[in-house]
Amino acid sequence: MLSLKEKVSSLPDLPGVYLMKNETGHVIYVGKAKSLRKRVASYFLKTAGQSAKTVSLVSHISDIEYMVTSTEVEALIHENNHNKKH
């Protein structure tokens, strides 16, 4: 199984939806991206400007799932559907 760092670096540079999960497998965050790799990696950059909410979120991430979409608009629709579901 890939480590979280390996998983993030292997994400495609394509639009899509990502689901961040905690250690028990529950979805704790759903997001969309024009570039999955760039967006998800941005959570793990150590910057002074990160909000307390983001720092807390990242500390609870144990796994990331994703779905590639054809366009950013399609990603937005899937993000909305996943937010309703989770």
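1. A residue is called buried here when its relative accessible area is under 20%, exposed when that value is over 50%, and partly exposed in between. With that in mind, and remembering that this is a predicted model, helix α2, which runs over residues 36–43, has Leu 36, Val 40 and Tyr 43 as buried residues. Seen down the axis of α2, these buried residues fall within an arc of 40 degrees, so they line one face of the helix.

2. What lies over that face comes from several parts of the chain. The elements that cover the buried residues of α2 include the helices α1 (4–9) and α3 (52–60), together with the strands β1 (16–21), β2 (27–33) and β3 (63–68).

3. The three buried residues of α2 return in the largest nonpolar core, which has 12 residues and counts Leu 36, Val 40 and Tyr 43 among them, along with Val 8, Leu 11, Tyr 18, Met 20, Ala 33, Leu 57, Val 58, Ile 61 and Ile 64. At least two residues of this core are supplied by each of β1, α2 and α3, and α2 gives the most, with three residues.

4. Ile 61, a member of that core, is in contact with Leu 4, Met 20, Lys 21, Ile 28 and Phe 44 when its neighbours within four places in sequence are left aside. A second core, separate from the one just described, has five residues, and these include Leu 19, Val 27, Val 30 and Ala 75.

5. Is Asn 22, in the loop between β1 and β2, buried or exposed? Asn 22 has a relative accessible area of 16%, and because the limit for a buried residue is under 20%, Asn 22 counts as buried. Residues up to four places away in sequence not being counted, Asn 22 touches Ile 28, His 60 and Ser 62.

6. On the surface, Leu 14, Tyr 66 and Val 68 form a nonpolar patch, and together they have about 260 Å² of accessible area. Leu 14 is found in the loop between α1 and β1, and with a relative accessible area of 41% this residue is partly exposed.

7. Lys 85 belongs to helix α4, which spans residues 72–85, and is exposed, with a relative accessible area of 65%. Taken from C-alpha to C-alpha, Lys 85 and Ser 10 are 26 Å apart in space, while in sequence they are 75 residues apart.

Conventions:
Residues are numbered from 1 along each chain as its sequence is written. This is a predicted model: local features need pLDDT of at least 70, side-chain atom pairs count only at pLDDT 80 or more; totals for chains, interfaces and linings use all residues. Side-chain values use heavy atoms; hydrogens and water are left out. Buried means under 20% relative accessible area, exposed over 50%, partly exposed in between (1.4 Å probe, protein chains only). Helices (H or I, at least four residues) and strands (E, at least two) are DSSP runs, numbered from the N terminus. The arc is that of the directions from the helix axis to the C-beta atoms. Contact means heavy atoms within 4.5 Å. A nonpolar core is a set of buried Ala, Val, Leu, Ile, Met, Phe, Trp, Tyr and Cys residues joined through side-chain atoms within 4.5 Å. Patches are made of residues with over 30% relative accessible area and no salt bridge: like charges are joined within 9 Å, nonpolar side chains (Val, Leu, Ile, Met, Phe, Trp, Tyr) within 5 Å. Accessible areas come from the Shrake-Rupley method with a 1.4 Å probe; for residues, only the protein chains shown count as cover. A salt bridge is a side-chain nitrogen of Lys or Arg within 4 Å of a carboxyl oxygen of Asp or Glu.
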